[in-house]
Amino acid sequence: MEPKLVLAVCLLISAAVSVADYVRPQPRRTLQFPWDSKPSSYPQQVHISLAGDNHMRVTWITNDKSSPSIVEYGTSPGRYTSTTEGESTHYKYLFYSSGMIHHTVIGPLEHATVYFYRCGGQGPEFQLKTPPAQFPITFAVAGDLGQTGWTKSTLDHIDRCKYDVHLLPGDLSYADYMQHRWDTFGELVQPLASARPWMVTEGNHEKETIPFIMDGFESYNARWKMPFEESGSSSNLYYSFEVAGTHIIMLGSYADYDEDSDQYRWLKDDLSKVDRERTPWLIVLVHVPWYNSNEAHQGEGDGMMAAMESLLYAASVDIVLAGHVHAYERTKRVNNGKLDPCGAVHITIGDGGNKEGLAHRYKSPQPNWSVFREASFGHGELKIVNSTHAFWSWHRNDDDEPVKSDQVWVTSLVNSGCLAEKRHELRNILMAP
Ligand SMILES: *[C@@H]1O[C@H](CO)[C@@H](O)[C@H](O)[C@H]1NC(C)=O
Ligand SMILES: *[C@@H]1O[C@H](CO)[C@@H](O)[C@H](O)[C@H]1NC(C)=O
Ligand SMILES: [Fe+2]
């Protein structure tokens, strides 16, 4: 062959290889956690969550039932200038008895400040960083985590990114009734979740119902207490919080959502308090996606969407983040199944790396609201730059390296005219009995 021809053929082959379908990795096995005996009063599974203005809830578990629920903290290592005592709880699940689960709210804390803290008066020192008071703020987002080799890879990548708050749209541990798996998950996420607030909502894998004996989310609620009381909700399954100019609503796919439900009433009440001057960005998380062109879980979100989408639309929600489908998908602004410049951008990010593997099959043709869809493990980063601009990126766990695979600037609806246009509609819905 002529050298030129050889070169051309080589180029052709390499081009064909690079455009060929990305080879999807197999699911990875559930991690093994060696038995590790610690003193029974040693704090384990430490994680933190935002708990109202300038406050943080510190959660940890001790095997010792009489260990105190105190957190000592301060802004220099080893020098604790404040001490707060909280509450504790535990639960039994058939033959399993949980350790003591401590919840202690500390504050008021300064914004964007590193604090050093210690739980229960002993054990190692942890450090956390509080979120900023103003934009910019960065959220890490990954749902359906589980505890496999891929989960570890996703967590490693999130750890490398500079972020302020982790948002988790449901399906945490995949304990699935095996209570000790909640404990191993708590240990797995501790390095990240003790350093930055983790804000979570429930997925189907949190639900551990035993007919006639146990109903619902007992383990999840005991271990992952979120600021529902602080946001006027009567259930840990739905709540809201505000951080640096964003109002974030965590909806519950597994709590009643129709018009006469508590969740719906609470949502109306919560939306009536949103002030877009103070929080120009309005973001919603929910486990089951409403816009999903994957074959997996197709149509499962339809009931909730029919009940609640018009309310979110009237309130000009900017972004809806969901999990459940083990893949990534991003839509254009959409409402009522159609492209709509005043609708929300929907992002499915249930690709944290759980043991069930990826959801590969997509509906064809791709609906016109779907911009990007791919079945790979990964995580998202939402950097809100200012009141009008946010940069969203999705990072695929490509051969264990985070590869930025999708990115887009999102502009908020705050200056779009949508808010003014829908003011009456929103008032009518909010005023309805
Ligand atoms: C998008 O698809 C929907 C449903 O198939 C159709 O009704 C609509 O006209 C399409 N919109 C655009 C802008 O192509
Ligand atoms: C917000 O950030 C975007 C992107 O960096 C920039 O183009 C825009 O001018 C900023 N707006 C304001 C009001 O600062
Ligand atoms: Fe799920």
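Before we start: helices and strands here are DSSP runs, numbered from the N terminus, with at least four residues for a helix and at least two for a strand. Keep in mind that this is a predicted model.

**Exercise 1. Place the cis prolines.** Find which loops hold Pro-108 and Pro-365.

Solution.
- Step one: look at the bond from Gly-107 to Pro-108, which is cis with omega near 0°.
- Step two: go to the neighbouring strands. Pro-108 sits in the loop between E8 and strand E9 (114-119).
- Step three: do it again further along. Ser-364 and Pro-365 are joined by a cis peptide bond, omega about 0°, and Pro-365 belongs to the loop between strand E20 (344-349) and strand E21 (370-374).

**Exercise 2. Sort out two positive phi values.** Work out whether Ala-112 is buried, exposed or partly exposed, then do likewise for Asp-144.

Solution.
- Start with Ala-112: its phi is near 45°, positive in a residue other than glycine. Ala-112 is in the loop between E8 and E9.
- Count neighbours: Ala-112 has 14 C-beta neighbours inside 10 Å, so it counts as partly exposed.
- Now Asp-144, which isn't a glycine either but has a positive phi of about 50°. Asp-144 lies in the loop between E11 and H2.
- With 30 C-beta neighbours inside 10 Å, Asp-144 counts as buried; the cut-off for that is 20 or more.

**Exercise 3. Walk across the 6-strand sheet.** Say which strands stand at the edges and what packs on the sheet.

Solution.
- Write down the order: the open sheet runs E13-E12-E11-E22-E23-E24, with mixed pairing.
- Read off the ends. Strand E13 (198-200) and strand E24 (401-411) each have a single partner strand, so one side of each lacks a neighbour in the sheet.
- Zoom in on one pair: E11 (residues 137-141) and E22 (residues 378-384) run antiparallel and are joined by 5 bridges. Thr-138 stands opposite Lys-383 in E22.
- Add the helix: H2 (residues 149-160) packs on the sheet, touching E11, E22, strand E23 (389-398) and E24, and its direction makes about 140° with that of E23.

**Exercise 4. Do the 4-strand sheet.** Name its edge strands and the helix that lies across E1 and E2.

Solution.
- The strand order is E1-E2-E8-E5, in an open sheet with antiparallel pairing.
- Strand E1 (44-50) and strand E5 (87-89) are the edges, each pairing on one side only.
- E5 pairs with strand E8 (residues 100-106) over 3 bridges, and Glu-87 stands opposite His-103 in E8.
- Helix H3 (residues 179-193) lies across E1 and strand E2 (56-62), at about 55° to E1.

Notes: Residues are numbered from 1 along each chain as its sequence is written. Chains are lettered from A and ligands numbered from 1 in the order in which they are written. This is a predicted model: local features need pLDDT of at least 70, side-chain atom pairs count only at pLDDT 80 or more; totals for chains, interfaces and linings use all residues. Two strands pair if DSSP finds at least two bridges between them. Two residues are in contact if their C-beta atoms, placed from the backbone, lie within 7 Å. Axes are lines fitted to C-alpha atoms, for helices over the stretch in contact, and angles run from 0 to 180 degrees between N-to-C directions. A residue is buried if 20 or more other C-beta atoms lie within 10 Å of its own, exposed if 12 or fewer, and partly exposed in between; C-beta atoms are placed from the backbone.
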